[in-house]
Amino acid sequence: MTRVAVVVGNPKPRSRTYDAAVRLAGELGAVDLLVVDLATLGPVLLDWSDSTVSGLVDEVSSADVVVVASPTYKATYTGLLKVFLDRFAPDALRGTVAVPLMLGAGPGHALAPELTLRPVLVEIGASVPTSALYLLDGAYDDPDAFTDWLAVNRPLVAALLASTEGASA
């Protein structure tokens with residue numbers, strides 16, 4: 001069973017970013033899905049003693065795959081997402097495959113997930129074996145927008161998960 005966590009850093013609940021991330025998780029074979037829509041947590045994200053947020057960090061850390069999604073704000077991911085990711089210890093995502101996903105208004109920021117989101121995921125211990133996925137806002141719900149990325153990267157995620165399962169068996 002593939003446990004997939006989706007972390008959405010859009011300040012708007014149930015956003016296009018949310019929809020795209022959940023779709024991607026499904027395409028990657030999510031059977032057991034946890035969705036963390038950070039917009040719904042509000043100010044507790046800033047309370048380091050909050051047990052709800054700590055519990056979500058633990059749940060995300062125990063996933064096999066985590067899709068980390070954000071809209072592009074000022075050529076990077078949102079501060080909301082940064083606040084949540086700061087809660088993770090340096091090796092919290094060791095053994096977890098992470099997939100960076102960002103949505104943006106135009107192609108000018110297509111490298112934003114590679115240059116800004118990938119490094120922080122690696123810093124907190126995730127394996128990021130795929131290229132990041134950048135989608136134009138207007139194509140977030142177009143299945144064809146995912147096709148090329150999935151053709152190249154879904155087998156990489158599956159192979160890595162299979163090798164991890166084989167090693168733990």
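Which strand is V67 found in? V67 is found in strand 3. I will start there and work outwards. Please keep in mind that this is a predicted model.

V67 has a relative accessibility of 0%, so this residue counts as buried, the cut-off being under 20%. Leaving out residues up to four places away in sequence, V67 touches A5, V6, V7, A21, L24, A25, L28, V99 and L101. You can also compare V67 with V35: 32 residues separate the two in sequence, and their C-alpha atoms are 9.4 Å apart in space.

Next is strand 4, where V97 is found. V97 is buried too, because its relative accessible area is 3% and buried means under 20%. With residues up to four places away set aside, the contacts of V97 are D64, V65, V66, S127, P129, V157, L160 and L161. Take L160 from that list. In sequence, V97 and L160 are 63 residues apart, while from C-alpha to C-alpha the distance is 8.0 Å.

Now the loops. The loop between strand 3 and helix 3 holds K74, and T78 has its place in that loop as well. Strand 3 covers 65-71 and helix 3 covers 79-85, if you want to find them.

Are K74 and T78 buried or exposed? K74 is at 83% relative accessibility and counts as exposed, because the cut-off for that is over 50%. T78 has a relative accessible area of 3%, so T78 is buried. K74 also has a positive phi of about 50°, although this residue is not a glycine.

The side chain of T78 reaches the backbone nitrogen of L81, at a distance of 3.2 Å. Beyond four places in sequence, T78 touches G9, P11, S70, P71 and Y73.

The second loop runs between strand 1, which is 3-8, and helix 1, and R14 has its place there. N10 is in the loop between strand 1 and helix 1 too. R14 has a phi near 50°, a positive value in a residue other than glycine. R14 is exposed, because its relative accessible area is 58% and the cut-off is over 50%. N10 has a relative accessible area of 10%, so N10 is buried.

What does the side chain of N10 reach? One partner is the backbone nitrogen of K12, at 2.9 Å. The other I will mention is T17: a polar contact of 3.1 Å joins the side chains of N10 and T17. The residues that N10 touches, not counting those up to four places away, are S15, T17, D37, A39, P71, Y73 and L80.

That brings me to the largest pocket. Rolling a probe the size of a water molecule over the atoms shows where empty space is left. The volume of the largest pocket is about 160 Å³. Its lining consists of N10, K12, R14, S15, R16, T17, P71, T72, L103, G104, A105 and D137. Which elements give two or more residues to that lining? They are helix 1 (16-27) and strand 4 (97-104). N10 and R14, from the loop I just described, are among the lining residues.

On to helix 3, which is the place of V83. V83 is partly exposed, because its relative accessible area of 25% falls between the two cut-offs of 20% and 50%. Leaving aside neighbours within four places in sequence, V83 is in contact with L45 and L46. V83 and L38 are 45 residues apart in sequence, and their C-alpha atoms are 9.7 Å apart.

Last, the rings. How many aromatic pairs does a search of the whole structure find? The search finds 1. The rings of F84 and F88 have their planes at 80°, over the 60 degrees needed, so the pair is edge-to-face. Their centres are 5.3 Å apart. Both F84 and F88 are buried.

Two arginines also sit over rings. The charged end of R23 is over the ring of F146, at 5.4 Å from its centre. R87 lies over the face of W48, and there the distance to the ring centre is 5.0 Å.

To go back to the start: V67, in strand 3, counts as buried at 0% relative accessibility. K74, in the loop between strand 3 and helix 3, counts as exposed at 83%. If you look at two residues in the structure after this talk, those will do.

Notes
Residues numbered from 1 in each chain as written. Predicted model: local features only at pLDDT ≥ 70, side-chain atom pairs only at ≥ 80, totals over all residues. Heavy atoms only, no water. Helix = DSSP H or I, 4+ residues; strand = E, 2+ residues; numbered from the N terminus. Buried < 20%, exposed > 50% of the residue type's maximum accessible area, 1.4 Å probe, protein only. Polar contact = N/O pair within 3.5 Å; in protein donor to acceptor, adjacent residues only side chain to side chain. Contact = heavy atoms within 4.5 Å. Phe/Tyr/Trp six-rings, centres within 6.5 Å; stacked < 30°, edge-to-face > 60°. Lys NZ or Arg CZ within 6 Å of the ring centre and 35° of its normal. 1 Å grid on protein atoms, 1.4 Å probe; cavity = no way out; pocket = protein on both sides within 12 Å on 5 of 7 lines; lining within 4 Å. Points joined across faces, edges and corners; volume = space filled by probe spheres on them.
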